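Q: I would like to learn how to read the features of a structure like this one. Can we take them one at a time?

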Amino acid sequence: MSDPALLSNSYRTQPDDRGHFGQFGGRFVAETLMPLILDLEREYRAAKADPAFAQEFEDLLEHYVGRPSPLYYAERLTAAIRAGSEPGKGAQVWFKRDELNHTGAHKINNCIGQILLARRMGKTRIIAETGAGQHGVATATVCARFGLPCVIYMGAKDVERQQPNVFRMKLLGAEVIPVTSGANTLKDAMNEALRDWVANVHDTFYIIGTAAGPHPYPELVRDFQSVIGKEARAQMLSRIDRLPDLLVAAIGGGSNAIGLFHPFLDDLDVRMLGVEAAGEGLERKHAASLAGGFPGILHGNRTYLLQDDDGQIAEAHSISAGLDYPGIGPEHAWLKEIGRVDYTSATDEEALDAFQLLCRTEGIIPALEPSHAIAAVAKKAREMDENQIILANLCGRGDKDIFTVAEALGVRI
Amino acid sequence: MTRLSQAFAKGHPALVAFVTAGDPGRFATGPILDALVEGGADVIELGMPFTDPMADGPAIQAANLRSLAAGTTTADILAIAMAFRERHPTVPLVLMGYANPMTRRGADWFAERAKEAGVDGVICVDIPPEEDDSLGPALRGNGIDLIRLATPTTDAERLPTVLEGASGFLYYVSVAGITGKQQAVQASIEEAVARLKAATKLPVAVGFGVRTPDQAAAIARVADGVVVGSAIVELVGQYGKDAAEPVRAYIESLASAIRAARKEMA
């Protein structure tokens with residue numbers, strides 16, 4: 001496939017040697033963890049240079065995950081959008097179908113990469129945090145596949161609202177520990193996973209689920225997820241011999257978005273839009289760290305955080321448990337600051353509308369996370385010309401969310 | 001000599017006592033700090049509460065939440081420190097906490113206010129030497145030590161990085177884990193302290209999991225300081241605003257064990 005050369009002014013050469021993306025990123029961890037993350041960085045550099053590692057990764061992605069995922073032209077969604085647009089307006093909408101992956105979301109791409117690193121490093125125990133449970137399920141899946149014991153930390157509130165995923169993790173042999181500290185959600189699960197890690201440094205590998213945390217996690221998660229954008233770029237070129245005009249992806253921590261965006265960053269004609277969760281609205285409870293937060297330090301990196309004037313972290317809110325996090329990956333913070341990527345947000349209500357729109361026009365039940373992206377797509381497409389193309393990442397399927405959606409729509413099932 | 005170096009040159013190992021600021025409320029901390037000094041603490045560590053204390057065990061997590069629930073602000077903590085400095089002009093005071101509350105208004109803002117409040121040192125859990133420039137230069141520019149931490153995972157290859165630019169004292173975190181959970185094997189502490197002292201002239205204080213007078217005494221035989229935190233914070237959790245008296249009694253028991261231990265050695 002054609003790949004623009006890495007230029008000296010490339011957007012794809014971050015982070016620097018210290019793990020910084022501009023002023024963001026870094027390695028803000030307790031001293032106990034420093035030797036570990038330095039080890040991880042060394043091991044990751046070695047793995048990156050080792051063709052056998054890439055081969056095993058790609059083999060598992062093909063035969064276990066089911067990649068490449070399809071690239072799909074959403075014809076009826078496009079028509080529905082055009083029906084409500086000015087004449088000549090209404091861009092074509094295409095989807096990268098990462099919801100068709102094994103385990104139902106993009107999370108598995110990263111878990112395959114990280115468990116191969118864990119094995120390379122001789123680690124014998126895996127821990128992870130999870131919000132909606134998608135990353136927990138993906139982690140439990142690869143642990144079962146490789147026969148490693150697995151402990152998943154999950155906020156007690158999320159355990160309650162994501163019971164099907166809790167049961168899935170247990171079926172896969174993982175131990176699920178409900179976290180009752182703090183607000184009982186994703187950030188508290190991450191705190192608890194860090195506490196476990198610091199106490200079990202010698203045998204334990206921490207599979208972080210998003211492109212955040214201390215260096216080298218944001219980089220390696222991005223690299224593993226970049227399979228999304230690399231495939232999509234090649235598929236676009238081979239299907240219609242052109243690149244899209246706009247990429248759109250939902251953002252919690254931002255791993256599916258950076259995975260789609262990164263391979264296109266040097267294609268300067270391709271614009272990009274990340275969609276945060278605006279919850280009940282940006283003036284009320286939400287999870288939009290870029291729109292409503294300030295730079296700060298949490299969970300190993302400097303990035304935009306929802307916080308008060310004293311630096312206390314605020315509770316995030318989104319109908320989507322997977323976007324319910326008060327921070328964002330540091331590379332997104334940098335891409336926002338330099339203006340290469342635009343960021344917007346969609347409310348719970350807009351996501352619910354988009355969820356139903358996709359169900360009815362395309363016969364696809366999306367997860368609530370990409371429903372935020374679809375909401376932004378519907379808005380943007382109306383402003384764009386008919387001959388323009390939007391490519392959005394359909395990063396997860398909605399089976400896990402049907403109870404939440406039913407409740408929000410006032411339906412009892 | 002700084003207040004910190006004087007505290008480590010008293011002829012007995014220093015007792016370093018930690019308590020979370022504003023727990024259970026901002027007016028409770030002053031009397032507890034007085035009780036620590038009267039009970040024999042040589043260095044005070046004042047914990048800055050944070051919503052996400054990921055290096056702390058259940059006792060200090062709970063203290064953080066109690067303090068924040070009571071509405072403790074950064075301004076309150078600085079006021080507690082300043083009032084302490086007025087009452088105890090010679091006792092060193094170290095602020096301990098996490099990077100985000102310390103850097104929220106900028107490192108310079110924090111360092112200047114800490115200096116005004118009479119703070120001698122800062123321990124920041126999640127700023128390793130690699131990220132020193134986020135806080136270290138601002139503090140040192142205001143005459144405040146950024147205390148470095150060494151841990152069981154700090155091997156010979158890494159130790160020089162930790163010691164580069166270290167000042168005040170070196171805090172040896174004796175357990176790879178979170179605060180207040182387990183205690184380290186005495187032999188491992190002795191081995192580590194010997195290794196650290198061979199590499200630095202800074203005083204070495206040992207903490208994490210220290211609870212009983214016997215443990216404190218055993219550490220005092222080899223180290224320059226003993227840090228006690230979770231056990232004090234648990235007393236505050238148990239006795240609330242009436243914690244000063246039990247805290248004083250507890251600190252006295254540790255202080256006398258530490259002083260006796262060093263006399264045995266002499």
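Q: In which sense do strand E7 and strand E8 of chain B pair, parallel or antiparallel?
A: Keep in mind that this is a predicted model. Two strands count as paired when there are at least two bridges between them. Here E7 (residues 170-173) and E8 (residues 204-207) of chain B are joined by 4 bridges in the parallel sense. Within that pair, Tyr171(B) has Ala205(B) of E8(B) as its bridge partner. Helix H9 of chain B (residues 186-199) packs on the sheet and touches E6, E7 and E8 of chain B. The direction of helix H9 makes about 155° with that of E8(B).

Q: What is the strand order of the open sheet in chain B?
A: The 9 strands run in the order E5-E4-E3-E2-E1-E9-E8-E7-E6, with parallel pairing. Strands E5 (145-146) and E6 (148-150) of chain B stand at the edges with a single partner strand each, so each has one side without a neighbour in the sheet.

Q: How many salt bridges are there over all chains?
A: The criterion is a side-chain nitrogen of Lys or Arg within 4 Å of a carboxyl oxygen of Asp or Glu. By this rule there are 49 over all chains.

Q: Where in the chain are the two partners Lys48(A) and Glu219(A)?
A: Lys48(A) belongs to helix H1 (residues 34-48) and Glu219(A) to helix H9 (residues 217-225) of chain A; the pair links distant parts of the chain, 171 residues apart. Their side chains meet at 3.2 Å, N to O. To judge burial, use the relative accessible area: under 20% is buried, over 50% is exposed, and partly exposed is in between. Lys48(A) is therefore partly exposed at 46%, and Glu219(A) is buried at 6%.

Q: Which parts does the salt bridge between Glu331(A) and Arg222(A) tie together?
A: Glu331(A) is in helix H13 (residues 330-338) and Arg222(A) in helix H9 of chain A, so the bridge ties parts 109 residues apart in sequence. The N to O distance is 3.1 Å, and both residues are buried. Salt bridges with shared partners join these two into one network with Arg27(A), Glu41(A), Arg45(A), Lys48(A), Glu219(A) and Asp223(A).

Q: How many residues apart are Arg195(A) and Glu192(A)?
A: They are 3 residues apart, about one turn of the helix, and both lie in helix H8 (residues 186-199) of chain A. Their side chains form a salt bridge of 2.6 Å, N to O. Arg195(A) is buried at 3% relative accessibility, whereas Glu192(A) is partly exposed at 22%.

Q: Is the peptide bond from Gln14(A) to Pro15(A) cis or trans?
A: This bond is cis, with omega near 0°. Pro15(A) sits in the segment before strand E1 (20-21) of chain A. In chain B, the bond from Asp23(B) to Pro24(B) is also cis, with omega near 0°. Pro24(B) is in the loop between strand E1 (14-20) and helix H2 (29-39) of chain B.

Q: What is the phi of Thr103(A), a residue other than glycine?
A: Phi is near 75°, a positive value. Thr103(A) is in the loop between strand E4 (92-96) and helix H4 (107-120) of chain A, and is buried at 19% relative accessible area. Asp241(A), another residue other than glycine, has a positive phi near 60°. Asp241(A) lies between helix H10 (227-240) and strand E9 (246-250) of chain A, in a loop, and is exposed at 63%.

Methods
Residues are numbered from 1 along each chain as its sequence is written. Chains are lettered from A and ligands numbered from 1 in the order in which they are written. This is a predicted model: local features need pLDDT of at least 70, side-chain atom pairs count only at pLDDT 80 or more; totals for chains, interfaces and linings use all residues. Side-chain values use heavy atoms; hydrogens and water are left out. Helices (H or I, at least four residues) and strands (E, at least two) are DSSP runs, numbered from the N terminus. Contact means heavy atoms within 4.5 Å. Axes are lines fitted to C-alpha atoms, for helices over the stretch in contact, and angles run from 0 to 180 degrees between N-to-C directions. Buried means under 20% relative accessible area, exposed over 50%, partly exposed in between (1.4 Å probe, protein chains only).
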